[in-house]
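The following exercises concern a single protein model. Please work through each task before reading its solution.

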Amino acid sequence: MSENPLLTVSPLPNKAPPFDRIKDEHYLPAIRAGIEEARANINALKTNEAEPDFENTVAALEGASETLSTALSIFYSQLSANGSDAMQKIAEEIGPLSAAFSSEVAQDPAVFARVKAVWDKRDTLDLTPEQSMVLEDSYKGFVRGGALLNDEDKKRLTAINERQSVLGPAFMNNTKKAIEAFELVIEDRSELAGMPDNAIQMAADNARERDMEGKYVITLDMPMYIPVIQYADNRDLREKVWRAYASRAWKDAFDNSENCLEIVRLRHERARLLGYETHAAFVLERRMAEKPETVLAFIDALRDTYKPKAQQDLERLKQYARDNGGPIELRPWDVGYYSEKLRQKLFDFSSEDLRPYFPLENVLTGAFAHFGKLFNLRFEETDAYPLYHKDVVAYDIFDDGNGRFLGTFYGDFYPRKGKKDGAWMTSYRDQGLYHGTVERPVVAICCNFPKPSGDTPSLLSHDEVTTLFHEMGHAMHALLSDVTYSSVAGTNVLWDFVELPSQVQENWAYSKETLDLFARHYQTGESIPEGLVKKLNKAKNFMVAWSGLRQIAFCTLDMAWHDRDPSSIEDPARFEDTALAGVTLFPRLAGPISTGFNHIFAGGYSAGYYSYKWAEVLDADTFELFEKKGIYDRATADAYKEQILAKGGSEHPKVLYRNFRGRDADPNALLRREGLLKK
Ligand SMILES: [Zn+2]
């Protein structure tokens, strides 16, 4: 076999991955060899006779698995962007291998003893803030994994973790199965009146697949559910579909009630075992918010503003429905329908209508101009790197002031087989120390924008432009990172802070000054009209309190489940009704939210749902400063770049944010942006 390119230093500029030489068969051997190498390094660290110190223990531990972590980054980035059945098979082997190695290290008492020795004398070590953070991450990582527990408790913790690893997927599987189990056969097309043609077509295709040619089958998949709820004139149909979705995995063959209860009980038990009051306290210790009380106060304050305004939103909608021959009393299955009609009446345009102003080529040049102007950067397209697909374009990014090379950036914009849906930023190598040298990062953004066809270029909707700015914002966090240790570089920050750099960029995508850099009609060359930009901004806040209150209901429910001892809860639906009293504007007319709430029961969002709103507050508060000083103000942009982006996770985000803004974020900044408080 030829030399494994994942096991040698890349000869390319910026040591970028040699995609032209990496073959599927290289991954497993590289990861096995990477694990062996890391194990040898860790053994050397454990048997080192010198007194444990930061360098010989914490930094050595971080550097122990460089080959492994680089190989894993390349593998998983490629699996998402350029996957295949063969890679999927390899993933099934790599997953357990790397998980087993992680827990081998996490449960090694000799490694922990050394880390703890460094931790215990941390005050005498004269560490930099970044080193303190790396030490804290390492020590807390061990402790939160149970390193301080006695053997009996360790055993119980392992059993809890194992049971959890089964329950989460089981919960998710139930919601999936419950959704798949529903189909509603419609005999006559007229019952689907109001729905867009492509949705009706989808229903006809569903029927054909089930040997019911000529009929229509409605399912609960989102691309089918949304057009029914938003557009179907048939109120009974909307009600049936709404009820079915809202009752998924509740009192049916896939009931998640018992899973809900067992999951929260085990989470609570684990938290208590590790010395925390509740699961929320355990989770939030490693978040910017830090404590349940902070989160509760945060969501209660937002609820107090959203609720009366959401009531007004609902009143206005009721009035509109009555004026247009609708029902006297609106039900939940009417809200989407009438709000869509009202939206059309008020704004008579959609994000789709802006496409002609956003040919991808221009948007990209414009985005580079925007980031260049804001952060003083230069993007240079280059063919110095072999690429993994012909649609991918590579850029070198430089500081335009001092000419310093900042990193490698791949843009991967079109859909294709083997590429995941949606949009994301990924890092092939984070900035930071590797084999003794501080390297610059290699990052990519992947999107699924429409491909050019015939004479028509790729035209983006405004939502897609916003997506591009969002993902480029993550990429900036990675590319402008300026730390020593890769574990705290770029986007490796506490979880409720990671969306600040991305979301804040979306604000510029709504500003005329930024849009003027690139938004030109692809046929006439005409700049985007001022009136259209105004409408775009007004439409953004349509029913904003209504959807804000809905988000707050999810946050409230999440905290209710996770910030208490759940042992006495017997019925998830009844528990939810109590938890949500005062946060919802309709009584519960179907199943509870909880039994279908994958985010908190099967995803990573337990005691973390608030972070959506939390990050919005941070980004609104940040952008407000830009608006005040000028959206391209050099000093503000430099401060943001130096205090937030360059620092990655090298200091606590609370400290970083205060250094940048001079104070904590003001929740009212979000409400002002949403038009709910006066500017
Ligand atoms: Zn994001």
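**Exercise 1.** What share of the contacts in the protein with a separation of 6 or more is made by residues 24 or more positions apart?

Solution. The model is a predicted one. Residues 24 or more positions apart account for 73% of these contacts. Next, consider the overall architecture: the protein contains 26 helices and nine strands. Its radius of gyration is 26 Å, close to the 26 Å that the globule rule gives for 679 residues, so the protein is as compact as a globular protein of that length. Finally, buried residues constitute 54% of the 679 residues.

**Exercise 2.** Determine the surroundings of Leu 273 and classify its exposure.

Solution. Begin with the secondary structure: Leu 273 belongs to helix α11, which covers residues 257-273. Then list its contacts, leaving aside neighbours within four places in sequence: these are Leu 149, Asp 153, Arg 156, Leu 157 and Ile 160. Arg 156 lies 117 residues away along the chain, yet the C-alpha atoms of Arg 156 and Leu 273 are 8.8 Å apart. Leu 273 has a relative accessibility of 21% and therefore counts as partly exposed, since buried requires under 20%.

**Exercise 3.** How many disulfides does the protein have?

Solution. The criterion is a pair of cysteine sulfur atoms within 2.5 Å. By this rule the count is zero. For Cys 447, the nearest cysteine sulfur is that of Cys 446, at 7.3 Å, and Cys 447 is in no disulfide. For Cys 555, the nearest is that of Cys 260, at 17 Å, and Cys 555 is likewise in no disulfide. As to accessibility, Cys 447 is buried at 0%, and Cys 555 is buried at 1%.

Terms used: Residues are numbered from 1 along each chain as its sequence is written. This is a predicted model: local features need pLDDT of at least 70, side-chain atom pairs count only at pLDDT 80 or more; totals for chains, interfaces and linings use all residues. Side-chain values use heavy atoms; hydrogens and water are left out. Helices (H or I, at least four residues) and strands (E, at least two) are DSSP runs, numbered from the N terminus. Buried means under 20% relative accessible area, exposed over 50%, partly exposed in between (1.4 Å probe, protein chains only). Contact means heavy atoms within 4.5 Å. The radius of gyration is taken over C-alpha atoms; the globule rule is 2.2 Å times the number of residues to the power 0.38.
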